[in-house]
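Me: Please pick one part of this structure and look at it closely. Then place that part in the rest of the chain, with the numbers that support each step.

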Amino acid sequence: MNLNATLFAQFVVFFILALFTMKFVWPPLMKVLDERAEKIANGLAAADRGKAEMAAAEKRAQAELASARDEGQKRINDAEKRAQAIIEEAKRTASEEAARIIAQARADAEQQVTHAREELRNQVATIAVKGAEQILKREVNAAAHADLLNQLKTEL
């Protein structure tokens, strides 16, 4: 019975050790394992949230980039339109200025031609009077014959 008593004693010690372990060792160990599992679950959830936030931020960044690209293209197009309008305005202004200068030059030329004709008429009248003086061998009075001289000028 010595063997049975030893087995029974071992059984009683094992049972007491099992009760002690279940009462004092197992609850803190389970608490630590539960806390660790909770930390891991929280970490995984945070990682998932971070991935989702990163994907959302990337989508926002892509949208902002596309918006900025569109805005930049719009500004470039507006600048090109404005430049074209400025060029057209400059061409129009230059054409108007050229037309004004040409008209002024024509008016000046016509005035000079008129002035030259008038001067030529006066010179021809003077030459005609001198020629008539020599032909008539006497002096012609310009004041007395003003009507005759004016008529001669208009005929020339």
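Reply:
**A charged side chain and its surroundings**

Arg92 has a relative accessible area of 40%, so this residue counts as partly exposed. The model is a predicted one, and side-chain atom pairs in it are counted only at pLDDT 80 or more. Arg92 takes part in two contacts, described here in turn.

One contact is with Glu89: the two residues form a salt bridge, and their closest N and O atoms are 2.3 Å apart. Glu89 precedes Arg92 by three residues in helix α1, so about one helical turn separates them. The relative accessibility of Glu89 is 38%, which means that Glu89 is partly exposed.

The other contact is with Glu96, whose side chain meets that of Arg92 in a salt bridge with an N to O distance of 2.6 Å. Here the spacing is four residues in helix α1, so Glu96 and Arg92 are again about one helical turn apart. Glu96 has a relative accessible area of 45% and is therefore partly exposed. Together, Glu89, Arg92 and Glu96 are linked in a network of salt bridges. In general, side chains of opposite charge can pair when their charged atoms come close. A salt bridge is counted here when a side-chain nitrogen of Lys or Arg is within 4 Å of a carboxyl oxygen of Asp or Glu, so the 2.3 Å of Glu89 and Arg92 qualifies, and so does the 2.6 Å of Glu96 and Arg92.

Next to Glu96 in sequence is Glu97, which forms a salt bridge with Arg100, the closest N and O atoms being 2.4 Å apart. Glu97 and Arg100 are three residues apart in helix α1, about one turn of the helix. At 35% relative accessibility Glu97 counts as partly exposed. Arg100 is also in the partly exposed class, with a relative accessible area of 47%. The structure has four salt bridges in total, and the contacts above are among them.

Helix α1 spans residues 2-136, and other features lie along it. The structure holds one aromatic pair. The ring centres of Phe20 and Phe24 are 5.2 Å apart and the ring planes stand at 45°, so this pair is tilted. Phe20 and Phe24 are four residues apart in helix α1, about one turn of the helix. What do their accessibilities say? Phe20, at 44%, counts as partly exposed, whereas Phe24, at 53%, counts as exposed. The boundary is 50%, with exposed residues over that value, so Phe20 and Phe24 fall in separate classes.

A nonpolar patch also forms on the surface. Phe15, Leu19, Met22, Trp26, Leu29, Met30 and Leu33 make up this patch, with an area of about 710 Å². Phe15, one of its members, lies in helix α1 and has a relative accessible area of 47%, so Phe15 is partly exposed.

Where does the chain have residues far apart in sequence listed with a distance in space? Ala125 and Asn150 are 25 residues apart in sequence, with their C-alpha atoms 8.8 Å apart. Ala125 lies in helix α1, and Asn150 lies in helix α2, residues 146-155. Asn150 is also paired with Arg121, at 29 residues in sequence and 9.9 Å between C-alpha atoms. Ala125 or Asn150: which is buried and which is partly exposed? Ala125 has a relative accessible area of 4%, so Ala125 is buried, while Asn150 is at 44% and so counts as partly exposed.

For the whole chain, there are two helices and zero strands. Buried residues make up 3% of the 156 residues, and Ala125 is one of the buried residues. The accessible surface comes to about 13,900 Å², and 62% of it belongs to carbon and sulfur atoms.

To return to the starting point, Arg92 is partly exposed at 40% and is linked with Glu89 and Glu96 in a salt-bridge network.

Note on methods: Residues are numbered from 1 along each chain as its sequence is written. This is a predicted model: local features need pLDDT of at least 70, side-chain atom pairs count only at pLDDT 80 or more; totals for chains, interfaces and linings use all residues. Side-chain values use heavy atoms; hydrogens and water are left out. Patches are made of residues with over 30% relative accessible area and no salt bridge: like charges are joined within 9 Å, nonpolar side chains (Val, Leu, Ile, Met, Phe, Trp, Tyr) within 5 Å. Accessible areas come from the Shrake-Rupley method with a 1.4 Å probe; for residues, only the protein chains shown count as cover. Buried means under 20% relative accessible area, exposed over 50%, partly exposed in between (1.4 Å probe, protein chains only). Rings of Phe, Tyr and Trp (its six-membered ring) pair if their centres lie within 6.5 Å; planes under 30 degrees apart count as stacked, over 60 as edge-to-face and the rest as tilted.
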